[in-house]
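Hello,

Here is the structure I promised to pass on to you. Have a look at it first, and then read on for what turned up in it.

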Amino acid sequence: MAHTMRIRKGDLVHVLSGKDRGKQGRVIDARPKDRKVIVENLNLVKRHTKPRPIQNTSRMGAAGMTPGGVIEKPSPLHVGNVGIRDKDSHGSPVKVRHCKRADCGEDIDR
């Protein structure tokens with residue numbers, strides 16, 4: 001079975017549920033196999049990391065270090081947050097993201 005999604009990298013999406021409900025953002029990464037998308041600056045989680053050396057940063061022999069500490073990064077959201085509606089724009093059909101929440105129902109422009 002093929003894993004296909006209508007949401008692709010670069011689309012503007014509207015979050016319908018969770019701690020970031022009502023916010024909009026661009027899709028950074030789409031994972032059709034998991035049915036998840038990563039949205040820029042939404043669903044942020046904190047990860048504690050150790051400082052680690054970077055290999056081959058320069059050929060001078062000095063090893064670079066990645067900084068440690070608490071880092072915030074976006075985590076995946078389930079793809080079932082937005083829908084698509086076709087709309088005519090000057091005679092040609094255009095795909096428009098559409099909010100599926102019952103009390104919202106508005107179009108989300110790209």
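A word on terms before the findings: contact here means heavy atoms within 4.5 Å. Please also keep in mind that this is a predicted model.

With that meaning of contact, 45% of the contacts between residues at least 6 apart in sequence join residues at least 24 apart. One example of positions distant along the chain is the pair leucine 16 and glycine 80: they are 64 residues apart in sequence, and their C-alpha atoms are separated by 8.9 Å.

**Overall make-up**

The protein has 110 residues, of which 27% count as buried. Its secondary structure comes to zero helices and 11 strands, so the run of elements from the N terminus is β-β-β-β-β-β-β-β-β-β-β. The accessible surface is about 8200 Å², and carbon and sulfur atoms account for 49% of that.

**The four-stranded sheet**

You will find an open sheet of four strands in the order β1-β2-β3-β8, paired antiparallel. Its edge strands are β1 and β8, each of which pairs on one side only.

In the middle of that order, β2 and β3 (residues 36-39) run antiparallel and are joined by four bridges. Two of the residue pairs are worth picking out on screen: alanine 30 has valine 37 in β3 as its bridge partner, and valine 27 has valine 39 in β3. The two strands form a hairpin with four residues between them, and arginine 35 in the turn has a positive phi of about 60°.

On to the next pairing: β3 is joined to β8 (residues 77-78) by two bridges, and these strands also run antiparallel. Here lysine 36 stands opposite histidine 78 in β8.

**The nonpolar core**

Which residues make up the largest nonpolar core? There are 10 of them: Met5, Ile7, Val13, Val15, Val27, Val37, Val39, Leu42, Leu77 and Val79. In soluble globular proteins, nonpolar side chains tend to be buried together. Val27 and Val39 belong to this core, and they are also bridge partners in the sheet. Val37 is another member, and its bridge partner is alanine 30.

Leucine 42, also in the core, has further contacts that you may like to follow. Leaving aside neighbours within four places in sequence, leucine 42 is in contact with Val15, Asp20, Lys23, Gln24, Gly25, Pro74 and Ser75.

**The loop between β1 and β2**

This loop, between β1 (12-14) and β2 (24-31), holds leucine 16. Is leucine 16 buried or exposed? Its relative accessible area is 12%, so leucine 16 counts as buried, the cut-off being under 20%.

Aspartate 20 is found in the loop between β1 and β2 as well. Aspartate 20 is also buried, at 12% relative accessibility. Not counting residues up to four places away in sequence, aspartate 20 touches Val15, Leu42, Asn43 and Leu44. Two of these names, Val15 and Leu42, appear in the list of core residues too.

**Salt bridges**

How many salt bridges does a search of the whole structure find? The search gives two.

- Aspartate 20 pairs with lysine 23, and the closest N and O atoms are 3.4 Å apart. The aspartate is buried at 12%, whereas lysine 23 is partly exposed, with a relative accessible area of 42%.
- Aspartate 29 pairs with arginine 31, and here the closest N and O atoms are 3.4 Å apart. Aspartate 29 is partly exposed at 30%, and arginine 31 counts as partly exposed at 32%.

**Serine 75**

One last spot to look at is serine 75, in the loop between β7 (69-74) and β8. At 15% relative accessibility, serine 75 counts as buried. Its side chain makes a polar contact of 2.9 Å with the side chain of asparagine 43. Leaving aside neighbours within four places in sequence, serine 75 is in contact with Val37, Ile38, Leu42, Asn43 and Val45. Among them, Val37 and Leu42 are residues of the largest nonpolar core.

Happy browsing, and all the best!

Key: Residues are numbered from 1 along each chain as its sequence is written. This is a predicted model: local features need pLDDT of at least 70, side-chain atom pairs count only at pLDDT 80 or more; totals for chains, interfaces and linings use all residues. Side-chain values use heavy atoms; hydrogens and water are left out. A nonpolar core is a set of buried Ala, Val, Leu, Ile, Met, Phe, Trp, Tyr and Cys residues joined through side-chain atoms within 4.5 Å. Buried means under 20% relative accessible area, exposed over 50%, partly exposed in between (1.4 Å probe, protein chains only). A salt bridge is a side-chain nitrogen of Lys or Arg within 4 Å of a carboxyl oxygen of Asp or Glu. Two strands pair if DSSP finds at least two bridges between them. A polar contact is a pair of N or O atoms within 3.5 Å; within protein, one must be able to donate a hydrogen and the other to accept it, and residues adjacent in sequence count only if both atoms are side-chain atoms. Accessible areas come from the Shrake-Rupley method with a 1.4 Å probe; for residues, only the protein chains shown count as cover.
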